[in-house]
Amino acid sequence: MPQRPPGGNILKFDNVGLRYGLGPEVLRDVSFRVATGSFHFLTGPSGAGKSTLLRLMYLGLKPTRGRVMVFDRDVATTARYELPALRRRIGVVFQDFRLLDHLTALDNVALPLRVRGLREAEIRRHVPELLSWVGLADQLDARPSTLSGGQKQRVAIARAVIGRPDLLLADEPTGNVDDQIAMRLMRLFEELNKLGTTILVATHNEGLVSRFPHNPRLHVERGQVVRVT
C-alpha cells in the first residue's frame, strides 16, 4: 500500500480540562500537538489521567472545557451521527481487551473489515496471516473464554491494526505478554508507523521506552501533560 503523506496535526489539545460530574478536574490546562505520522509514548503514574486522555483521543469523551481537535474536527461541535466515521479511522487497544465472547479470534479481528464491507475472500487471506504473525496461528477458531490474558491481548492488537487505521492508540499493549512477544508487537507498530499510521502507546514500561526511543514522549503528571525529549 502507498504511504500516507505526512503533514499537519492529527491531534490538537488546547487548554483542555475534564471533570466527571461535580468532582475535581482529572485533566487541566492540557495543550499539545501530535503530528500526522509520528510515534509517541504516553507515560505517567497510575491515576495521573492517561486513560482519560486516551478516551478524549478516541472520542469516548468530550472535554469539559478547552478544545480537542481530531482529524481537524472539533470534537465538541461534531454532530453525533458523524462520530462513527471518525472512530473508524482510529484503532484502539484497550487494557480490558473488549473482545466479543461469542466470536472466534478470527472473527473478532475480522470485525472492522466486515464493517467496512471488505470481501470475505480478502478477510480470509489477511486475518489469519496477521494472527499467525502475532503467534496465534493455532488459535483462529478459539473463543476469548479459552484464551489466556496474553493471547487476548494479541487478538485485541490484531483487531486494532488490521484495518490500517490513521491513528492507533494502545493502552499498555505489552502488559500481558512476554518480552519476545512485546518486541514483536512493537516492531509491528513501527512498521505501521512507517506506512503512515500515527502511533501513541501508553505504557508504564520504562525499559520499553528506552529500547524504542521515539521522542518526544507525552508524560501525564497530576492531570497535566508535558513533552519529554
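Helices here are DSSP runs of H or I with at least four residues, strands are runs of E with at least two, and both are numbered from the N terminus. The model is a predicted one, so local features need pLDDT of at least 70 and side-chain atom pairs count only at pLDDT 80 or more, while totals for chains, interfaces and linings use all residues. Residues are numbered from 1 along each chain as its sequence is written, and side-chain values use heavy atoms, with hydrogens and water left out.

With those terms in hand, E172 turns up in the loop between β7 and α6. E172 is not a glycine, yet its phi is positive, at about 50°. In general, most residues other than glycine have a negative phi. E172 also counts as buried, at 13% relative accessibility; buried means under 20% relative accessible area, exposed means over 50%, and partly exposed is in between (1.4 Å probe, protein chains only).

Stepping back to the whole chain, there are 7 helices and 10 strands. The radius of gyration is 17 Å, close to the 17 Å that the globule rule gives for 229 residues, so the chain is as compact as a globular protein of that length. That radius is taken over C-alpha atoms, and the rule is 2.2 Å times the number of residues to the power 0.38. The C-alpha trace spans about 45 × 40 × 35 Å along its principal axes. Of the 229 residues, 51% count as buried. As for contacts (heavy atoms within 4.5 Å), 70% of those between residues at least 6 apart in sequence join residues at least 24 apart.

On the outside, the accessible surface comes to about 11100 Å², and 50% of it belongs to carbon and sulfur atoms. Accessible areas come from the Shrake-Rupley method with a 1.4 Å probe, and for residues only the protein chains shown count as cover. The chain carries 33 positive and 23 negative charges, whose mean positions are 4 Å apart. In that count Lys and Arg are positive and Asp and Glu negative, with His and the chain ends not counted; each charge is placed at NZ of Lys, CZ of Arg, CG of Asp or CD of Glu.

Two helices show how much gets covered. Helix α1 covers residues 50-57, and 6 of its 8 residues are buried, so α1 is largely enclosed by the rest of the structure. The buried ones are K50, T52, L53, L54, L56 and M57. After α1 comes L59, with a positive phi near 70°.

Helix α5 has 13 residues and reaches 19 Å from its first C-alpha to its last, close to the 18 Å expected at 1.5 Å a residue. The expected span is 1.5 Å times one less than the number of residues in the helix. α5 is mostly covered, with 11 of its 13 residues buried; among them are G150, V155, I157 and V161, along with the charged-type names R154 and R159. The cover over these buried residues includes β6 (90-93), α3 (105-115), α4, β7 (167-171) and α6 (179-194). Just before α5, in the loop between α4 (120-133) and α5 (149-161), sits A142. A142 is buried, with a relative accessible area of 12%. Leaving aside neighbours within four places in sequence, A142 is in contact with L103, T104, A105 and L147. R211 is 69 residues from A142 in sequence and 33 Å from A142 in space, C-alpha to C-alpha.

Two more loop residues are worth a look. G223 lies in the loop between β9 (217-221) and β10 (224-228), and G223 is buried, at a relative accessible area of 3%. Not counting residues up to four places away in sequence, G223 touches V26, L27, R28, V30 and A48. K50, one of the buried residues of α1, is 173 residues from G223 in sequence, but their C-alpha atoms are 8.5 Å apart.

F212 is in the loop between α7 (206-211) and β9, and F212 is buried too, with a relative accessible area of 9%. Setting aside residues up to four places away in sequence, F212 touches F41, M183, M186 and E190. F212 and G175 are 37 residues apart in sequence and 16 Å apart in space, C-alpha to C-alpha.

Lastly, D29 is found in strand β2, residues 25-35. D29 has a positive phi, near 55°, and is a residue other than glycine. At 43% relative accessibility, D29 counts as partly exposed.
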